[in-house]
Amino acid sequence: MEEDCGFSMLNDDIVLAVFAKLEDDPRHWARVACVCTRFSSLIRHFCWKTKCSQTLPSLLSDSPATYASLLKLAVCCPGLRHAGIAADRGASKNPKTCRKPHLASGNWDLRREQGCKLLARQFRDDCLYLCDWPGCVHPHKKRKYMLFRGIFKDFKTTRVWTSLDGDKRKKLPVECAFCTCRYTWDLHSAFCLRRGFRYQIEGEPVVRAYVCENGHVSGAWTDVPLFS
């Protein structure tokens, strides 16, 4: 494919300059990476790393796999299913009710200030980076869900990890939207979230959040019912 379009005659710097024009929509890079091995290598080792260093410098490491997950965290909404909403049972056929990860609305950055708003006081020293609230808004049944995503820096050195691992908290079958983990911990039931978050009348928590063993966080907070 590369030879057919003439890119094989261009050096990497010129190809990367072309790819830089595509950064407005991260889906373009994902498509280009599927064209050939050379393009995939350039996207993974240069484009993703450059983008992450610009938007998430505090979380950057030397692993291409980390670039991919960080970029996905920055630009993808986890979807209702990965945020712990049971949308797979009796889910609406409305296309706006998105159960799978998709391109997120709003700003594509993660900030520690947002993470501090989520955690209980004893965990405030942990570095949790979250997207700007409210994130993507999805109607489901009679409620609106505002979905958020984020990541703990050095998760296995945090107090949250110590609490989850030390108490031998049971994982739930809520898959992570950003890596291959099939089970996650419920931060709400583990008392890791702020105590001020309350419950809806029927007992549903106003805020829920799940974290995988790699520190990726997906969650949702609910508004009042859309209909009386």
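The second largest pocket of this predicted model is lined by P26, R27, A30, W48, A68, L71, K72, V75, C76, P101, H102 and L103. About 280 Å³ of space lies within this pocket. By kind, the lining residues divide into 9 nonpolar, 1 polar and 2 charged. Arg and Lys count as charged, and Gly is among the residues counted as polar.

Where in the chain does the lining of the second largest pocket come from? At least two lining residues each are supplied by α3 (26-33), α5 (64-75) and β2 (102-103). Of the elements, α5 gives the most, with 4 residues. The lining can also be read by domain: domain 1 (12-57) and domain 2 (78-222) each contribute at least three residues to it.

The chain as a whole comes next. It holds 8 helices and 9 strands. Its length is 228 residues, and 44% of them count as buried. The exposed surface of the chain is about 12,600 Å², with carbon and sulfur atoms supplying 52% of it. Contacts can also be sorted by how far they reach along the sequence. Among those between residues at least 6 apart, 59% join residues that are at least 24 apart.

Some single residues show such contacts in detail. A104 is found in the loop between β2 and β3 (110-111). Is A104 buried or exposed? Its relative accessible area is 6%, so A104 is buried, as the cut-off for burial is under 20%. Leaving out neighbours within four places in sequence, A104 is in contact with V75, C76, C77, C136 and R149. Two of these partners, V75 and C76, also appear in the lining of the second largest pocket. A104 and G135 lie 31 residues apart along the chain, and their C-alpha atoms are separated by 7.4 Å.

L59 also sits in a loop, the one between α4 (37-55) and α5. With a relative accessible area of 12%, L59 is buried. When residues up to four places away in sequence are not counted, L59 touches T66, L70, Y129, I151 and K153. One of these partners, I151, is 92 residues from L59 in sequence, yet the C-alpha atoms of the two are 8.9 Å apart in space.

R112 belongs to a helix, α7 (residues 112-116). Why does R112 count as partly exposed? The reason is its relative accessibility of 30%, because the partly exposed class lies between the buried limit of 20% and the exposed limit of 50%. Apart from neighbours within four places in sequence, R112 is in contact with R124, D125, D126, C127, L128 and Y129. Y129 is also among the residues that L59 touches. R112 and D132 are 20 residues apart in sequence, with 9.9 Å from C-alpha to C-alpha.

Two further residues stand out for their backbone angles. What is the phi of D154? It is near 50°, a positive value in a residue other than glycine. D154 lies in the loop between β6 (143-152) and α8 (159-166). The relative accessibility of D154 is 52%, so D154 counts as exposed, the limit for that class being over 50%.

F191 also has a positive phi, of about 60°, although it is not a glycine. Its place is in the loop between β7 (185-186) and β8 (207-211). F191 has a relative accessible area of 60% and is therefore exposed.

Terms used:
Residues are numbered from 1 along each chain as its sequence is written. This is a predicted model: local features need pLDDT of at least 70, side-chain atom pairs count only at pLDDT 80 or more; totals for chains, interfaces and linings use all residues. Side-chain values use heavy atoms; hydrogens and water are left out. On a 1 Å grid over the protein atoms alone, a cavity is a set of points where a 1.4 Å probe fits but cannot get out, and a pocket is an open set with protein on both sides within 12 Å along at least five of seven lines; lining residues have an atom within 4 Å of a point. Grid points are joined across faces, edges and corners, and a volume is the space filled by probe spheres set on the points. Domain bounds come from an automatic or database domain assignment. Buried means under 20% relative accessible area, exposed over 50%, partly exposed in between (1.4 Å probe, protein chains only). Contact means heavy atoms within 4.5 Å. Accessible areas come from the Shrake-Rupley method with a 1.4 Å probe; for residues, only the protein chains shown count as cover.
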